[in-house]
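Please open the model in a viewer and keep the sequence at hand. The tour below proceeds by selection, with a description of what each selection shows.

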Amino acid sequence: MGIYCLTFDRPLGRMDRHRLESMLRRFDSIVLFRTTWLIESTDPIEFLRSRLSRAFGKQTRFFITRLSEPWCTDGIGPVSQWLSAPERQW
């Protein structure tokens, strides 16, 4: 289990955003910025990469990495609360 940070290179159109959000509904996730999400998953990163490749298609480049503690934020209240929740599995 881990917390992953996903970022991609361009804002998504309506259909692309719908595909991504449909895929991410399977996980506990939260939007950090317009093109950055945090995902909690028990799946290996390779599985996430495969799912994301299908959700994004060939038009969008993305980067995903596993986060670890310690971490810090500034000015992103709901995301800080999400990350600090006791049920998060680091």
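Which exposed residues does the face of α3 turned away from its buried side carry? In this predicted model, select α3 (77–84) and look at that outward face: Pro 78 and Gln 81 are the exposed residues there.

**The buried side of α3**

Now select Val 79, Ser 80, Trp 82 and Leu 83, the buried residues of the helix. Viewed down the axis of α3, these buried residues fall within an arc of 160°, so they line one face of the helix. To see what covers them, add β1, β2 and β3, which are among the elements in contact with the buried residues of α3.

**Strand β3**

Select residues 36–41, which form β3. Six of its six residues are buried, so the strand is largely enclosed by the rest of the structure. In a regular strand, side chains alternate between the two faces of the sheet. Here, Thr 36, Leu 38 and Glu 40 point one way, while Trp 37, Ile 39 and Ser 41 point the other way.

Next, display the partners of β3. Strand β1 (residues 2–8) pairs with β3 in the antiparallel sense over six bridges. One point to check is Gly 2, whose bridge partner in β3 is Ser 41. Strand β2 (residues 28–33) also pairs with β3 in the antiparallel sense, over five bridges. In that pairing, Asp 28 stands opposite Glu 40. The connection from β2 to β3 is a hairpin through two residues.

**The salt-bridge network**

Keep Asp 28 and Glu 40 selected and add Arg 88: these residues are linked in a network of salt bridges. Side chains of opposite charge can pair when their charged atoms come close. Arg 88 and Asp 28 meet at 2.8 Å, N to O. This pair links distant parts of the chain, with Asp 28 in strand β2 and Arg 88 in the segment after α3, 60 residues apart. Between Arg 88 and Glu 40, the closest N and O atoms are 2.7 Å apart. That pair joins the segment after α3 to strand β3, across 48 residues of sequence.

How accessible are the members of the network? Arg 88 is buried, with a relative accessible area of 8%, and Glu 40 is buried at 10%. Asp 28 counts as partly exposed, at 34% relative accessibility.

The whole structure holds three salt bridges. For one outside this network, select Arg 61 and Asp 9, whose closest N and O atoms are 3.0 Å apart. Arg 61 lies in the loop between α2 and β4 and Asp 9 in the loop between β1 and α1, so the pair ties together parts that are 52 residues apart in sequence. Arg 61 is exposed, at 64% relative accessibility, and Asp 9 is partly exposed, at 39%.

**The nonpolar cores**

Which members of the largest nonpolar core touch the most other members? Select Leu 6, Phe 8, Leu 20, Leu 52 and Phe 56, which do so within a core of 15 residues. At least two residues of this core come from each of β1, α1 (14–24), β3 and α2 (45–56). The element that gives the most is α2, with four residues.

Centre the view on Phe 56. Leaving aside its neighbours within four places in sequence, Phe 56 is in contact with Leu 6, Phe 8, Leu 12, Arg 19, Leu 20 and Phe 62. A second, separate core comprises nine residues, including Ile 3, Cys 5, Leu 32 and Trp 82.

**The cysteines**

Where do Cys 5 and Cys 72 stand with respect to each other? The sulfur of Cys 5 is 13 Å from the closest cysteine sulfur, in Cys 72, too far for a bond. A disulfide would require the sulfur atoms to lie within 2.5 Å. The structure holds zero disulfides. The surroundings of the two residues can also be inspected: Cys 5 is buried, with a relative accessible area of 16%, whereas Cys 72 is exposed, at 73%.

**A cis peptide bond**

Finally, select Glu 69 and Pro 70. The peptide bond from Glu 69 to Pro 70 is cis, with omega near 0°. Pro 70 belongs to the loop between β4 (62–66) and α3, the helix whose outward face carries Pro 78 and Gln 81.

Technical notes:
Residues numbered from 1 in each chain as written. Predicted model: local features only at pLDDT ≥ 70, side-chain atom pairs only at ≥ 80, totals over all residues. Heavy atoms only, no water. Buried < 20%, exposed > 50% of the residue type's maximum accessible area, 1.4 Å probe, protein only. Pairing = 2+ DSSP bridges. Arc of directions from axis to C-beta. Contact = heavy atoms within 4.5 Å. Core = buried A, V, L, I, M, F, W, Y, C linked by side-chain atoms within 4.5 Å. Salt bridge = Lys/Arg side-chain N within 4 Å of Asp/Glu carboxyl O.
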